[in-house]
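Visitor: I should like to go through this structure by question and answer. Please take me from its surface to its interior.

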Amino acid sequence: MCYFYLVNSFGDVPLVLETNPAITAELPRADTEVVYTQIKTDLLEAIAVLPEDFRSYGGEKIRATTGAAQALLARVYLYMKDWENAEITASEILRKTDLYHLEPDPGKVFLANSQEGILQFVPAFSSSIWMASAFYPSAAPNFVLNDGLTAAFEEGDYRRFAWTIDYNTQGDIYPHSAKYKRTFSNPSAIEYNQVFRVAEQYLIRAEARAQQNNFDEATEDINKIRRRANLDDLRNLNTKEALIAAIEQEKRIEFFCEWGHRWFDLKRWPGRIDPSVSRADEILSEYKGDNWQTTDQLFPIPQASRTTNPNLSQNPGYTN
């Protein structure tokens, strides 16, 4: 999981496979595809040895199971454009309805041991979740949802009511995320950080099916998420382009403020207007104008790391 986020944030990174610091301290950056191959290898090995259910963890969804490894593996297959295995792996998870399934009530998705949870992290502080403290304020929020996101919610979408709050101060409205509500001032909400959840697997499978021209089943996967949100079914999505656009819309609403989903998706999807650039280029150039350059899709390698390891090259677009 750490390597998945490293390669999607920084690109090529050193691949550490041993514990000898004389070797690992100055490793050069490994190609992203090599890192992804190792991620797949590790996850397949984990699937073989992890427990299938949560009995070893007292019934709580707070440690990795076979399903957790499969959930990340399905995402990795999707990012690597291995559509067939992405569909197969997501389907394996979705068949385990005795362990987890789509939570009918959006307001319960982020509760501890939610029906939808595949893997959750217990918060570091028992009385507060960082996401709640950051996004669910007791005063005017520091982080608000932009107008584009709030306008993207369809009328009657339960997620708008369950996962956001409009903070009103002296007549000014500040919409902000309320997926997590457990803070020091609101300790009654028993929540864990939701790491992998069932909704993502439906949308992974939808995208994988769309890429394989299985339009009807892809549409049905999208509609499962929409029905939970009290939205009408989509119909007549008869092209790959229409399905990917519908998936982009659904993921934007479903996963805002969660684990960088939209950012990573925008970077890997080709542009709708110009497929030679990424969807991130299309959207961020509109938001940021001349302040956006395509090299901004990767973070700079921290100078402290490059000082320690002289074999680390800098990403394009940043000063060496």
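Visitor: Which residues form the nonpolar patch on the surface?
Guide: In this predicted model, a nonpolar patch on the surface has about 240 Å² of accessible area in total. The residues that form the patch are Met 1, Phe 121 and Trp 259.

Visitor: Is Trp 259 buried, partly exposed or exposed?
Guide: Trp 259 sits in the loop between α11 (240-254) and α12 (261-268). Buried means under 20% relative accessible area and exposed means over 50%. Because the relative accessibility of Trp 259 is 32%, the residue counts as partly exposed.

Visitor: How many of the residues of α9 are buried?
Guide: Helix α9 spans residues 198-211 and reaches 20 Å from its first C-alpha to its last, close to the 20 Å expected. Just after α9, Asn 213 takes a positive phi of about 65°. The helix itself is mostly covered, and its buried residues number 13 of 14.

Visitor: Which helix gives the largest share of the largest nonpolar core?
Guide: The largest nonpolar core has 63 residues, and Phe 4, Ile 118 and Phe 196 have the most contacts inside it. Ten residues, the largest share of this core, come from helix α4 (residues 66-79).

Visitor: How many residues does the second, separate core have?
Guide: Among the residues of this second core are Phe 110, Leu 145, Leu 149 and Phe 256. The core is separate, and its size is 15 residues.

How values were computed. Residues are numbered from 1 along each chain as its sequence is written. This is a predicted model: local features need pLDDT of at least 70, side-chain atom pairs count only at pLDDT 80 or more; totals for chains, interfaces and linings use all residues. Side-chain values use heavy atoms; hydrogens and water are left out. Patches are made of residues with over 30% relative accessible area and no salt bridge: like charges are joined within 9 Å, nonpolar side chains (Val, Leu, Ile, Met, Phe, Trp, Tyr) within 5 Å. Accessible areas come from the Shrake-Rupley method with a 1.4 Å probe; for residues, only the protein chains shown count as cover. A salt bridge is a side-chain nitrogen of Lys or Arg within 4 Å of a carboxyl oxygen of Asp or Glu. Helices (H or I, at least four residues) and strands (E, at least two) are DSSP runs, numbered from the N terminus. Buried means under 20% relative accessible area, exposed over 50%, partly exposed in between (1.4 Å probe, protein chains only). The expected span of a helix is 1.5 Å times one less than its number of residues. A nonpolar core is a set of buried Ala, Val, Leu, Ile, Met, Phe, Trp, Tyr and Cys residues joined through side-chain atoms within 4.5 Å.
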